[in-house]
Amino acid sequence: MTQQVLNAIFIGSIYALFAVGYTLVFGVLDVLNLAHSAVFMLGAVITYSLVALHGLPFLPAAIIAVLVCGLLGLLIEFVALRPLRRRNAPPISALISTIGLALIFVAIVEQATPGTLFGWLWQDGANSVRFPSGAVPNPTYHLGGLTVEGVRLDILMTSVVLMLVLGYVIRFTQVGRALRAVAENRRAATLLGINVDRIFASTLFVSSALGGLAGLLFGLAASDISPYIGRDQVELKGLAVIVLGGMGSIPGAVLGGYLLGLIEVFAFVQFGSNVAAGVAFAALFLMLIVRPQGLFGARLRERL
Amino acid sequence: MRSGARGITIVLALALAACGGSSTTSGGASTSYQGKTIQLGAILSLTGAGGVYGPSSKKGMDLAVETINNSGGVNGAKLALDTRDDASDKIQSAQVAQTLIQQGNLLALLGPTLSNSAVAVHPLAESFKVPILAVSTTGIHIVPDCNFPKTDPCRYVFRDSLGEETAIPTNIKIYVAKAHPKTGVLLVANDDKFSRDGGTIVTNTVGQYGIQLLDTIAFSKLTADFATPVTKALQKNPDVIFITSLGGIPAKLMIEARNQGFKGQFLGGNGFNTAVVSKQAGAAGVGAESGSAWYLDNTFPSNAEFVHAYRNKYTSDPDQFAAQGYAAILILADAAKRANLTFNDVAGDRNRLRDAMETVNIQTPMGPFQFTSTHDVKQTVWVILMDGKGGFNLLATVSPS
C-alpha cells in the first residue's frame, strides 16, 4: 500500500505542476489556455529530440526545452490571445483560438517523420518513444520493501521546489504584486502604471515553461513521449485539478494535483480501472456541489 | 420498382457479359486487363493508438503495389491503392469506409488496423457487398461472423492476420513446456476490443496448462502512469505476467515492472509483435515472448525477397504488420488475376473477386497462405522473443493443425 502512496505522490506532482501553469493563466488573464496540454507535450518532445536526435546531454536539453516552451507561451499570447483581447472578444473566443493552436502543435509532431519539414524535431510520427536508457541516471532504491526510482525522486523534488519558488515570487516580490493586481482588476492595475500587456506575456511565459517542464518530467517518469501525451493524459485531468483546487488558485492547483493523484490510485486499487476515472470525476462533481469555488478559490464574482 | 430495377441490372449485366464473351478470344483464366486499373482502398490507423501499426501496414502495401505494377501489373492492369487514416477512432474509421465505398469504383477494401474499428467497418462492407481483407485485426469474431448484429457468416469479410485465438494459446503452450510456471497475473487494457479479447483468451487458456491466475488487473489504455497497476500485479508475486494491450503500453508496463524489481517472464499477444514496441521496451523487454504471424529472418524465398525489397525501399527492417500488409496485396492481386473482372460492372466484379479470394493459395512472407472455410488464416505460428534492441529472435515454429 505504501508503494501505491508513493505512486500517487509522483503522478500527483506532475498533475500539480501542469495545473499550476494552467491556473496561473486563468487567474491572471481570465482565459483558459487549452494549448497548455500541447505545450506539455512539446516539453517532452523537444527534450527527447535534443537528447536522442541531436546528441545533447539531458540537463542542457531539458533547460533549452523549458525555455522554448516559455517562448511558445509568448507565441500563444501574441497569436491566440492578444489580437482577440484588442478586439474585446469574449473569453470563449480565446478558448477556441487556443484549441486551434493546440491542434496545430499536435499535428506538427504527429506528421513529422524523417525527411519531412519537422523531421529535425520528431521522427516517430504517432509512435510513443522514451528517452534512451542511460540518458538520466536512474538508480533504484529499495527501502523496506519499497521501490523508489531515482528519476521519480528527482521529479518530486523539482516539482516541489519550483512550486515553492513560484509561490514565493507571487506572494512576496514586486512582479508578484503586479501580477496579483492585474488578476484582481485589470483596469485599476493599468491606472496604477502597471504594464498589463507585459504582465500577460510574462504570465504566459512562466505558465508554459512550467507546462513544458511537467511534460518532460512525465516523459521521463512514464517512459512515454508521443504527440498525444498532453491530450490523453493531462488536458481534462488538469481542468479537474484546477476546479478542485479553485480556479486561479495556485495552492489550490498544487493540492488538487496531489489529491487527484491519490484519488486515482486508490480508486484503482480498491475498485479497479472501470471505476477509477469515474471516482476522480465524481469527486469533482461533489466538490462543485458542496464548494463550487473549489478548495482555495475565492467565491465566484458575479459577471455581467 | 425495386425488382424492376434489379431486372434491368441483370439484363445489362448479361448483355455486357455477352459483349465481353464475344470480344475476348484468349479465354481461360488469364483474361487481359491491359490498360485497366484495379482500384483498392485501405483504412489504416496512421495516427492515434494504432499509429504504432498502421504505418507499417501501409509501407508493406505500398511496396507490394509498386512491385506488382513494375512487373506488368495484374494481367496488365495497374493496381491503385487509396490509403486513408482513421486516427484509431472507431467512428472515424466507419466514416472513412463509407466515403471510400461511396466513391463507387473500388473493388476491395483493406483494414481497418484495429479490431475495435473493425466492429464498425466490417458490417458496413458486408452490407455494401464490398470484399474487405483485414490485415492486422486479431480479436475474436473478426471472421467469420463480423460481430453484429448477425451471427451468420459474413460473405465479404476475410483476414490475413493470425488471430489471437491461435497465437496466444500456442505461445503459452510453448512457454509452459519450457519453464513450467505455476502462477501468473494478467494485465489487460479493458477499453479496447483487441486487448479485452486477448485477456479473455489468456483467462480461458491458462487453466489447461496448470497456471493459476492470481489476479486480473484491468486498466484504461489512457492510464497516465502504469506504476499503479504494476505495483498491484507485483504484490501477488507471479511467475509470469501476461500483457494484452496495444500501442506503446506493453513496453511501458515491462519497463515499469523491471524498475519495480520483477524478475519473471512476460508473455503477450500481437501487441508485442512490432519493432517499435521491442525497441521501446529495450532491455526491459529482453525475452518477452509472443506468438507471431511472421519472422524477419525466415529464409524461404517469398520472405527473403520481401525483406530485401523492403530494406531497399525504406532502409529499415519490416515488421509483422508490414508483412501482413504486403501479403494482403499479393492475395488480392492473385484473386483479381483469376476473377475474370469486367471493369464495367463494379458490383459484379466485387462478387467475382470475393469468390476468387476463397481459393487463394499462394506463397507470402508469412509462408504458404490459404483461407480457411471461415475466411480466417491458415498459417504457421512463429514464437518469438524480444531481443532488447528492437528486434526478435525465433524460439519455435508451430505448423497449422
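Two residues are in contact if their C-beta atoms, placed from the backbone, lie within 7 Å. Keep that cut-off handy for the exercises below, and remember that you're looking at a predicted model.

**Exercise 1. Work out how chain B meets chain A, and which element of chain B gives the largest share.**

Step 1. Start with the head count: 28 residues of chain B are in contact with 30 residues of chain A.

Step 2. Now ask which elements of chain B supply two or more residues to that side: they are β7, α7, α8 and α9 (275-281).

Step 3. Pick the top contributor. That's α7(B), which brings 4 residues, the largest share of the side that touches chain A.

Step 4. Sort the residues on this side of chain B by character, and you get 11 nonpolar, 14 polar and 3 charged.

**Exercise 2. Take a look at α7(B): is this helix mostly covered or mostly open, and what does it pack against?**

Step 1. Find the helix at residues 227-234 of chain B; 7 of its 8 residues are buried, so "mostly covered" is the right call, given that buried means 20 or more other C-beta atoms within 10 Å.

Step 2. Name the buried ones: A227(B), T228(B), P229(B), V230(B), T231(B), K232(B) and A233(B).

Step 3. See what they pack against. On the chain A side there are α1 (2-29) and α10 (250-271). Within chain B, the partners are β6 (183-189), β7 (212-219), β8 (240-244) and α8 (249-259).

**Exercise 3. Put the strands of the open sheet in chain B in order, and find its edges.**

Step 1. Begin with β1(B), residues 37-44, where 6 of the 8 residues are buried.

Step 2. Look for its partners. Strand β2(B), residues 78-85, runs parallel to β1(B) and is joined to it by 8 bridges; for instance, G41(B) has D82(B) as its bridge partner. To get from β1(B) to β2(B), the chain passes through helix α2(B), residues 54-70, in a right-handed β-α-β crossover.

Step 3. The other partner is β3(B), residues 108-110, also paired in the parallel sense, over 3 bridges. Here A42(B) stands opposite L110(B).

Step 4. Carry on from β3(B) to β4(B), residues 132-134: these two pair in parallel over 2 bridges, with L133(B) as the bridge partner of L110(B).

Step 5. Put it together: the 5 strands line up as β2-β1-β3-β4-β5, with parallel pairing. The edges are β2(B) and β5(B) (157-159), since each pairs on one side only. From one strand to the next, the twist averages 25°.

**Exercise 4. Describe how helices α2(B) and α3(B) sit on the strands.**

Step 1. Lay α2(B) over β1, β2 and β3 of chain B; the helix runs at about 165° to β2(B).

Step 2. Do likewise for α3(B), residues 90-102. This helix packs on the sheet and touches β1, β2 and β3 of chain B, with its direction at about 170° to that of β1(B).

**Exercise 5. Decide how compact chain B is for a chain of 401 residues.**

Step 1. Count the elements: chain B has 12 helices and 15 strands.

Step 2. Compare the radius of gyration, 22 Å, with the 21 Å from the globule rule for 401 residues. The two are close, so chain B is as compact as a globular protein of that length.

Step 3. Add the overall dimensions: the C-alpha trace spans about 75 × 45 × 35 Å along its principal axes.

Step 4. Finish with the inside: 56% of the 401 residues count as buried. Among contacts in chain B with a separation of 6 or more, 74% come from residues 24 or more positions apart.

Terms used
Residues numbered from 1 in each chain as written. Chains lettered and ligands numbered in written order. Predicted model: local features only at pLDDT ≥ 70, side-chain atom pairs only at ≥ 80, totals over all residues. Buried ≥ 20, exposed ≤ 12 C-beta atoms within 10 Å, placed from the backbone. Pairing = 2+ DSSP bridges. Right-handed = clockwise from strand over helix to strand, strands pointing away. Nonpolar A, V, L, I, M, F, W, Y, C, P; charged D, E, K, R; others polar. Axes fitted to C-alpha atoms, helices over the stretch in contact; angles between N-to-C directions. Rg over C-alpha atoms; globule rule 2.2 N^0.38 Å.
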